[in-house]
Amino acid sequence: MPTLMTVERVRREINGRVLLDAVSLAVHAGQFVGIIGPNGAGKSTLLRTMAGLLAPSEGTVFLDGCSLGTYRRRLVAQQVACVPQLSSVGEFRFSSKDVVSMGRYPHLGPWQSEAASDRDLVERAMADTGTLPFAERAVTELSGGERQRVTLARALAQTPRVLLLDEPTASLDLSHQLQVLNLVRRLVDQEGIAAVAALHDLSLASRYCDRLLLMQEGRVVADGAPRSVLTPERLAAVYHIRAHVEPHPMAGGLLIHVLDVLPSQSTEGAS
């Protein structure tokens with residue numbers, strides 16, 4: 001599969017604080033990459049940099065072999081869609097369908113109206129994300145999980161080649177978590193897109209992702225297949241937990257049983 005996006009020794013620094021430290025990553029078509037790591041590891045910063053929303057202090061992000069900085073924003077949006085951790089769609093009284101339709105804007109020329117094919121893509125994105133039942137409702141009236149699914153539908157309506165997701169299941173109930181990850185997995189397998197998602201649930205990450213990028217303090221400490229990354233030793237070093245890891249007997253992926261917090265991270269003596 002071709003390489004769609006490359007991150008080459010990217011560093012991101014703000015006011016002397018290093019958020020990303022020489023991060024490198026190649027993302028291929030037909031691949032689902034999970035970014036994992038504790039809070040503050042740099043997952044969201046990496047995704048925003050890959051989306052072109054943040055500029056690297058050093059290093060380069062390449063899209064199809066060309067520096068992302070050489071593309072006009074509209075051209076990036078035609079190929080790369082980002083689902084942020086905190087969506088702003090709930091701040092405006094647009095209908096859900098209007099918000100999803102915004103995903104087609106990068107593909108329309110000045111003053112160009114949506115064609116039937118654009119409307120079909122919007123309806124398909126809403127059907128895939130289960131948002132058609134509230135298509136005409138204002139997004140201000142939706143729950144956090146419903147708004148998150150509308151934001152995902154908008155990204156899918158962009159028909160991107162690279163889909164970036166920042167904790168896409170964080171505000172969803174269990175059934176919708178699985179639906180979203182099943183949908184992303186299907187898009188990767190059947191349509192050959194590349195997906196990169198920051199995920200906190202390590203068992204789900206191991207089940208759905210082809211590859212995991214483990215980050216700590218802005219650096220990549222492991223990159224590979226889930227079984228090679230999610231070892232008890234690495235979980236101890238990065239998450240400061242004692243864990244038992246075993247293959248899931250039915251669903252695939254791994255079962256991660258957290259047994260204890262390591263003594264150095266205990267709250268001993270706290271009131």
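Me: How do the residues lining the largest pocket divide into nonpolar, polar and charged?
Reply: This is a predicted model. In it, the lining of the largest pocket has 11 nonpolar, four polar and four charged residues.

Me: Which ones lie nearest the centre?
Reply: Leu-53, Arg-73, Cys-82, Arg-154 and Gln-158. The lining has 19 residues in total.

Me: And what's the volume?
Reply: The largest pocket comes to about 390 Å³.

Me: Which elements give two or more residues to that lining?
Reply: Helix 1 (43–50), helix 2 (73–79), strand 6 (80–83) and helix 5 (144–157).

Me: Switching to sheets. What's the strand order in the six-stranded one?
Reply: The order is 6-7-8-3-9-10. The sheet is open, and its pairing is mixed.

Me: Why is one side of strand 6 left without a neighbour in the sheet?
Reply: Strand 6 stands at an edge and has a single partner strand, so one side has no neighbour in the sheet. Strand 10 (219–224) is likewise at an edge.

Me: How much is the twist from one strand to the next?
Reply: It averages 15° in that sheet.

Me: Do strands 3 and 8 run parallel or antiparallel?
Reply: Parallel. Four bridges join strand 3 (residues 32–36) to strand 8 (residues 194–198). In one of the pairs, Gly-34 has Ala-197 of strand 8 as its bridge partner.

Me: Which strands of this sheet does helix 6 touch?
Reply: Helix 6 packs on strand 3, strand 7 and strand 8. Its direction makes about 135° with that of strand 3.

Me: And helix 1, which strands does it lie across?
Reply: Strand 3, strand 7 (162–166), strand 8 and strand 9 (211–216). Helix 1 runs at about 150° to strand 7. Helix 1 also lies across strand 1, strand 2 and strand 4, at about 60° to strand 2.

Me: So what about the four-stranded sheet, what's its order?
Reply: That open sheet goes 2-1-4-5, with antiparallel pairing. Strand 2 (17–28) and strand 5 (66–67) are the edge strands.

Me: How many bridges join strand 1 to strand 4?
Reply: Five, between residues 3–14 and residues 58–63. Met-5 stands opposite Leu-63 in strand 4.

Me: Back to helix 6. At what angle does its axis cross that of helix 4?
Reply: Roughly 130°, and the axes come within 11 Å. The two helices are therefore oblique to each other.

Me: Which residues make the contact?
Reply: Helix 4 gives Arg-124, Asp-128 and Thr-129. Helix 6 gives Leu-183, Arg-186 and Glu-191. By class, that contact has four charged residues, one polar and one nonpolar.

Technical notes
Residues numbered from 1 in each chain as written. Predicted model: local features only at pLDDT ≥ 70, side-chain atom pairs only at ≥ 80, totals over all residues. Heavy atoms only, no water. Axes fitted to C-alpha atoms, helices over the stretch in contact; angles between N-to-C directions. Parallel < 35°, antiparallel > 145°, perpendicular 65-115°, else oblique. Contact = heavy atoms within 4.5 Å. Nonpolar A, V, L, I, M, F, W, Y, C, P; charged D, E, K, R; others polar. 1 Å grid on protein atoms, 1.4 Å probe; cavity = no way out; pocket = protein on both sides within 12 Å on 5 of 7 lines; lining within 4 Å. Points joined across faces, edges and corners; volume = space filled by probe spheres on them. Pairing = 2+ DSSP bridges.
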